Amino acid sequence: MKNFTKLLLGSLVLFSLSGCTAGDMITSYTSTSDQSETTLQNTSGTPKQRVYMDEIKGTLKDFTGATLTMESQEQTYVFNLSEATLECEDGMITGDEISVIYEGQLSNKDTSTVKALKVVDDFHKKNQLEVRKAYGEVQSLTPNTITIKNKKGKTATYPITGTEQYYQNGIRTGVWVYIHFKGKFTSSQDTQSSSLNASHLKVLSISDIDPLTLPDPTPTPDPAQVPADDSAKEQQIHAEIQNISLNTLTVLPSGSDSTINVDLSQTPSYFKGGTAPGSYVTITYTGQFQGNSLDGVTVTAVTGDDPDSLGSREITGSVSGTIIGHTANTVTLQTGDGATITCFTEGAKDISTSNMESGAGICITFDPTKSKNSNIYTSIKIQDA
């Protein structure tokens, strides 16, 4: 112990004589350590680069396929997502609470200084997306959109790719329908506008009755009560959807090379997986079907195939359009009927020549069963349009 005390006193005397303080010692050690690290970096080649990662939370305002607009603490940010992955459970729905994970250091609202890596659901969501309801008069109907006018006279065009639809009393101009959806209308600077922007909502169902309730299946008739005249019996045609334009459904019957038009204006119609071209329907009718015309035939019901009962290889519904943007795992199309559709590309069989370049035309076979609550569709196959 005496020897240790002597050694400690001797060290203090030496430090005092040399004019060094405790702070000088720390500084000296730090300087030496930094020099050693610098020397190590110089001898090992390229200096180590520090990567800064952070996230910003906010509300989704708009998404164009390659860029995202969000609002956070009353500030608006626009991110380039061309190298980011989209991982939101509900897709890219306006009004949803999201987080953008990025690399770099964000300077005020200038997002050009960072690289977006992921868009995810905000882990601490304050408000879950609620299912909302609209009621309006049908103005038009296509495979990917429905336009309605509400009681206040405002029109809105909703994206309905792969959406469940039931028209108990048929579909035509002037019919009033209920639309169940998630999300909020994109805000507009023009508060007096007669239209609402519904382009980034998720429509869950459409029907002329609310709630959407299907009737019990028709029981199998007693053979003794079946009419002897074949023209009075109910028969069925299985056909591929080519297009729908309001009340006119154009289909190609199986085994035929001629399309026929089915008038849905007074016909009960149910499409569980939407009316995408390439998907199939069963047309129930009475009368004598000649193979290329419904003249003399009475259509009693139209029912789309149930995608839930099909395997992914059996699903054939598709969406076509022009590429307007892409991320690391999605591509966004502008369809001919005015919808903006985003599809996941991971895992899809891509035989297109597009290279996902903007302006290229492609056709995507998608699985509606995997996008019941999301407005991003799961691709099965991608090919040139």
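## A six-stranded sheet

E1 and strand E5 (residues 97-104) run antiparallel to each other and share seven bridges. Here strands are DSSP runs of E with at least two residues, numbered from the N terminus, and two strands pair if DSSP finds at least two bridges between them. One contact to look for is Thr 59, whose bridge partner in E5 is Glu 97. This is a predicted model, so to speak of local features takes a pLDDT of at least 70, side-chain atom pairs count only at pLDDT 80 or more, and totals for chains, interfaces and linings use all residues. Residues are numbered from 1 along each chain as its sequence is written, and side-chain values use heavy atoms, with hydrogens and water left out.

Strand E1 (residues 53-63) also pairs with strand E2 (residues 67-72), again in the antiparallel sense, over four bridges. Within that pairing, Leu 60 stands opposite Met 70 in E2, and Phe 63 has Leu 68 as its bridge partner. The hairpin of E1 and E2 has three residues between the strands, and Gly 65 there takes a positive phi near 105 degrees.

Zoom out and you get an open sheet of six strands with mixed pairing, in the order E3-E2-E1-E5-E6-E4. Strand E3 (75-80) and strand E4 (85-87) sit at the edges, each pairing on one side only. On average, neighbouring strands of this sheet are turned by 40 degrees against each other, direction ignored; the axes behind that angle are lines fitted to C-alpha atoms, for helices over the stretch in contact, and angles run from 0 to 180 degrees between N-to-C directions.

## Salt bridges

The count comes to seven salt bridges, where a salt bridge is a side-chain nitrogen of Lys or Arg within 4 Å of a carboxyl oxygen of Asp or Glu. One of them joins Glu 83 and Lys 115 at 3.5 Å, N to O. Glu 83 is in the loop between E3 and E4, while Lys 115 is in strand E6 (residues 114-121), 32 residues apart. Glu 83 counts as exposed at 52% relative accessibility, and Lys 115 as partly exposed at 35% (buried means under 20% relative accessible area, exposed over 50%, partly exposed in between, with a 1.4 Å probe and protein chains only).

Strand E6 has another one: Lys 118 pairs with Glu 87, with the closest N and O atoms 3.8 Å apart. That pair links E6 to strand E4, 31 residues apart. Both ends are partly exposed, Lys 118 at 35% and Glu 87 at 39%.

Elsewhere, Asp 308 meets Lys 272 with the closest N and O atoms 3.0 Å apart. Asp 308 lies in the loop between strand E19 (297-304) and strand E20 (318-326), and Lys 272 in the loop between strand E17 (269-271) and strand E18 (280-287), so the pair ties together parts 36 residues apart in sequence. Asp 308 is partly exposed at 37%, as is Lys 272 at 29%. These two belong to a salt-bridge network with Asp 306 and Lys 372.

## The cavity

There is one cavity of 30 Å³ or more. A cavity is a set of points on a 1 Å grid over the protein atoms alone where a 1.4 Å probe fits but cannot get out, and lining residues have an atom within 4 Å of a point. The largest cavity holds about 120 Å³ of space; grid points are joined across faces, edges and corners, and the volume is the space filled by probe spheres set on the points.

Its lining has 14 residues, with Pro 159, Ser 199, Leu 201, Thr 340 and Asn 375 nearest the centre. Strand E13 (202-207) and strand E22 (340-344) each supply at least two lining residues, and E22 gives the most, with three. The lining divides into seven nonpolar, six polar and one charged; Ala, Val, Leu, Ile, Met, Phe, Trp, Tyr, Cys and Pro count as nonpolar, Asp, Glu, Lys and Arg as charged, and the others, Gly among them, as polar.

Methods
1 Å grid on protein atoms, 1.4 Å probe; cavity = no way out; pocket = protein on both sides within 12 Å on 5 of 7 lines; lining within 4 Å.
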